[in-house]
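Here is a walk through one protein chain, written for someone who would rather look at the fold than at tables. Have the viewer open and follow along.

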Amino acid sequence: MRLRNVHGSQERILENPYTIQTDGTDGADFRGKWNPDYFHNNHPIHIEIGMGKGQFITSLARQNPDINYIGIEKYSSVLVRALDKREELETDTLLFLRMDAENITEYFAAGEVSGIYLNFSDPWPKDRHAKRRLTSSRFLERYDKILKKDGWLQFKTDNRPLFDFSLEQLAQAGWTADEISYHLHANGPAPDNTMTEYEEKFYQLGNPICRVLAHR
């Protein structure tokens, strides 16, 4: 469930040097400029769309100092919870972007992103809402525009119908699935995998976690 109406969240986001709120901004001020103007390095850029409270991307930033990370979250009341985790980091390679994923091509240039993470995205279970799913063909077209030629997408979910839908959409859009798992932690915590907060809870409950790693 999404957190709502966290008092002072908007103000805290505006005041934090590592967060960017897109309301009232021009995407051209960011598109193609993330590395030179905001990170001040040439590291590859990985983004997480719908980062929630930020545990996953904060952990990755701590583990991989040679990669620039951008966590994207639509809701201020959720993003603000990630700031607490961000304050524990001693790195400038993690930024938060408050933005609706539908506008992603306005803020990232063609070939600017090396990797995309989608973790436990909203399943939008009703058929009429299928286009809102972050793995729908509509969104895959957006990712196609911003990913580098050898860029990749990783998707994890505990929702099997959503996972099956996602595999179908990837195939129809011409993507190749390099790895597919229907029970990622069947033999204990999967190696080389960083868990989200949801994932930790589902793992403790024994719920199967599905994961796909794909490229165009």
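## The sheet

In this predicted model, eight strands make up an open sheet with mixed pairing, running in the order S1-S4-S3-S2-S5-S6-S8-S7. Strand S1 (19-21) and strand S7 (176-181) sit at the edges, each pairing on one side only. Going from one strand to the next, the twist averages 15 degrees.

Look at the S1 end for a moment. S1 pairs with strand S4 (residues 94-98) in the parallel sense, over three bridges. One residue to click on there is Ile 20, whose bridge partner in S4 is Leu 97.

## Helix H4 against the sheet

Helix H4 (residues 76-86) packs on the sheet and touches S1, strand S3 (68-73) and S4. The direction of H4 makes about 170 degrees with that of S4.

H4 is mostly covered, with nine of its 11 residues buried. The buried set includes plain nonpolar residues such as Val 78, Leu 79, Val 80, Ala 82 and Leu 83, but Lys 85 and Arg 86 are in there too. What do the buried residues of H4 pack against? The answer is helix H1 (9-15), S1, helix H3 (55-63), S3, S4 and H8.

## Two nonpolar cores

The largest nonpolar core has 37 residues, and those touching the most other members are Trp 34, Ile 47, Ile 49, Phe 108, Ile 116 and Tyr 143. Helix H7 (residues 160-172) gives this core its largest share, five residues. Apart from this core lies another one, of 16 residues, with Leu 60, Tyr 69, Ala 82 and Tyr 117 among them.

Trp 34 is a good place to zoom in. Leaving aside residues up to four places away in sequence, Trp 34 touches Ile 20, Phe 39, Ile 45, Ile 70, Leu 95, Leu 97, Tyr 107, Phe 108 and Glu 112. Ile 20 and Leu 97 are the S1 and S4 bridge partners from earlier.

## Salt bridges

Side chains of opposite charge can pair when their charged atoms come close. How many salt bridges does the structure hold? There are nine, and three of them are described here.

Asp 100 pairs with Lys 74, with the closest N and O atoms 3.4 Å apart. Asp 100 is in the loop between S4 and H5 and Lys 74 is in the loop between S3 and H4, so this pair ties together parts that are 26 residues apart in sequence. Asp 100 is partly exposed, at a relative accessible area of 25%, and Lys 74 is partly exposed at 40%. Next, Glu 197 bridges to Lys 85, with closest N and O atoms 3.6 Å apart. Since Glu 197 is in helix H8 and Lys 85 in helix H4, the pair ties together parts that are 112 residues apart in sequence. Glu 197 counts as partly exposed at 26% relative accessibility, whereas Lys 85 is among the buried residues of H4.

The third, Glu 179 with Arg 211, has its closest N and O atoms 3.7 Å apart. This one links strand S7, home of Glu 179, to strand S8 (residues 210-215), home of Arg 211, with their positions 32 residues apart in the count. Glu 179 is partly exposed, at 40%, while Arg 211 is buried, at 14%.

## The ends of helix H8

At the start of helix H8 (residues 197-205), a side-chain oxygen of Thr 196 comes within 3.4 Å of the backbone nitrogen of Tyr 198. After H8 comes Gly 206, with a positive phi near 85 degrees.

## Odd backbone angles

Most residues other than glycine have a negative phi. Trp 124 is not a glycine, yet its phi is positive, about 40 degrees. Trp 124 lies in the loop between strand S5 (113-119) and helix H6 (137-146) and is partly exposed, at 26% relative accessibility.

Asp 192 also has a positive phi, about 55 degrees, without being a glycine. Is Asp 192, in the loop between S7 and H8, buried or exposed? With a relative accessible area of 84%, Asp 192 is exposed.

## Thr 105

Thr 105 belongs to helix H5 (residues 104-107) and counts as partly exposed, at 27% relative accessibility. Not counting residues up to four places away in sequence, Thr 105 touches Arg 31, Arg 142, Lys 145 and Ile 146. From Thr 105 to Asp 192 is 29 Å, C-alpha to C-alpha, and 87 residues in sequence.

Technical notes
Residues numbered from 1 in each chain as written. Predicted model: local features only at pLDDT ≥ 70, side-chain atom pairs only at ≥ 80, totals over all residues. Heavy atoms only, no water. Helix = DSSP H or I, 4+ residues; strand = E, 2+ residues; numbered from the N terminus. Buried < 20%, exposed > 50% of the residue type's maximum accessible area, 1.4 Å probe, protein only. Contact = heavy atoms within 4.5 Å. Core = buried A, V, L, I, M, F, W, Y, C linked by side-chain atoms within 4.5 Å. Polar contact = N/O pair within 3.5 Å; in protein donor to acceptor, adjacent residues only side chain to side chain. Pairing = 2+ DSSP bridges. Axes fitted to C-alpha atoms, helices over the stretch in contact; angles between N-to-C directions. Salt bridge = Lys/Arg side-chain N within 4 Å of Asp/Glu carboxyl O.
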